[in-house]
Amino acid sequence: MSLQRLAAFGATPVSERVVIDRNRVTGGGVTAGIDFGLALVAMLAGETLAREIQLQIEYEPQPPYGGSPATADPAIVASLRGRLGAYATAMAETDARAAARLNG
């Protein structure tokens, strides 16, 4: 629910779980950290090892609900955004200050 915050820092938000951009690899979402790690292992040591690690940790996600605004129930997304209004405003202000310091 914070993907749009990246624009304040000059990044182009995309809805991928793992993004490889030149010499940077980023991941979004809690379990995307696992995806991120597996992607790095595949890049650095090969896909076979990444598959073996995935098998060892028995990582086979099957989320019971939509886990992104694009796949979740629109009513739940709207309700959550409404409740997060003050938080979102505070985060936008924080992002603006941080971006100004980085660019200043």
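Helix H1 (residues 32-45) and helix H2 (residues 47-56) bring their axes within 7 Å of each other and cross at roughly 145°. This is a predicted model, so treat what follows as a tour of that prediction. We'll start with the H1 and H2 pair, then look at a few single residues elsewhere in the chain.

**How H1 and H2 pack**

- Two packed helices are described by the angle between their axes and the distance between those axes.
- As for handedness, H1 passes H2 in a right-handed crossing.
- On the H1 side, the contact is made by Leu-38, Val-41, Ala-42 and Ala-45. On the H2 side, Glu-47, Leu-49, Ala-50, Ile-53 and Gln-54 do the job.
- Sort those contact residues by chemistry and you get seven nonpolar, one polar and one charged.

**A closer look at H1**

- Does the length add up, or, put properly, what should the 14 residues of H1 span at 1.5 Å a residue? The expected figure is 20 Å, and the end C-alpha atoms of H1 sit 19 Å apart, which agrees.
- The buried residues of H1 are Ala-32, Asp-35 and Leu-38.
- Look down the axis of H1 and these buried residues fall within an arc of 120°, so they line one face of the helix.
- The cover over the buried residues of H1 includes strand S1 (18-21), strand S2 (24-27) and H2.
- Leu-38 turns up twice here: it is one of the buried residues of H1, and it is also among the residues of H1 that touch H2.
- Just after H1 comes Gly-46, which takes a positive phi of about 105°.

**Strand S1 and the loop after it**

- Ile-20 has its place in strand S1. Setting aside neighbours within four places in sequence, Ile-20 is in contact with Val-25 and Met-43.
- From Ile-20 to Phe-36 is 16 residues in sequence, and their C-alpha atoms are 9.6 Å apart in space.
- Arg-22 is found in the loop between S1 and S2. With 67% relative accessibility, Arg-22 counts as exposed.

**Positive phi outside glycine**

- Most residues other than glycine have a negative phi.
- Arg-22 goes the other way, with a positive phi near 55°.
- Glu-58 also has a positive phi, near 50°. You'll find Glu-58 in the loop between H2 and helix H3 (74-83).
- Is Glu-58 buried or exposed? At 70% relative accessibility, Glu-58 counts as exposed.

**The start of the chain**

- Met-1 is in the segment before S1, and its relative accessible area of 38% makes it partly exposed.
- Which residues does Met-1 touch, not counting those up to four places away in sequence? They are Pro-69, Val-77, Leu-80 and Arg-81.
- Met-1 and Asp-21 are 20 residues apart along the chain, with 22 Å between their C-alpha atoms.

**A buried Asp in H4**

- Asp-95 is found in helix H4 (residues 85-103).
- With 5% relative accessibility, against a cut-off of under 20% for buried, Asp-95 counts as buried.
- Leaving out neighbours within four places in sequence, Asp-95 is in contact with Arg-5, Ala-8 and Phe-9.

How values were computed: Residues numbered from 1 in each chain as written. Predicted model: local features only at pLDDT ≥ 70, side-chain atom pairs only at ≥ 80, totals over all residues. Heavy atoms only, no water. Axes fitted to C-alpha atoms, helices over the stretch in contact; angles between N-to-C directions. Helix = DSSP H or I, 4+ residues; strand = E, 2+ residues; numbered from the N terminus. Left-handed = near helix turned anticlockwise from the far one by under 90°. Contact = heavy atoms within 4.5 Å. Nonpolar A, V, L, I, M, F, W, Y, C, P; charged D, E, K, R; others polar. Expected span 1.5 Å × (residues − 1). Buried < 20%, exposed > 50% of the residue type's maximum accessible area, 1.4 Å probe, protein only. Arc of directions from axis to C-beta.
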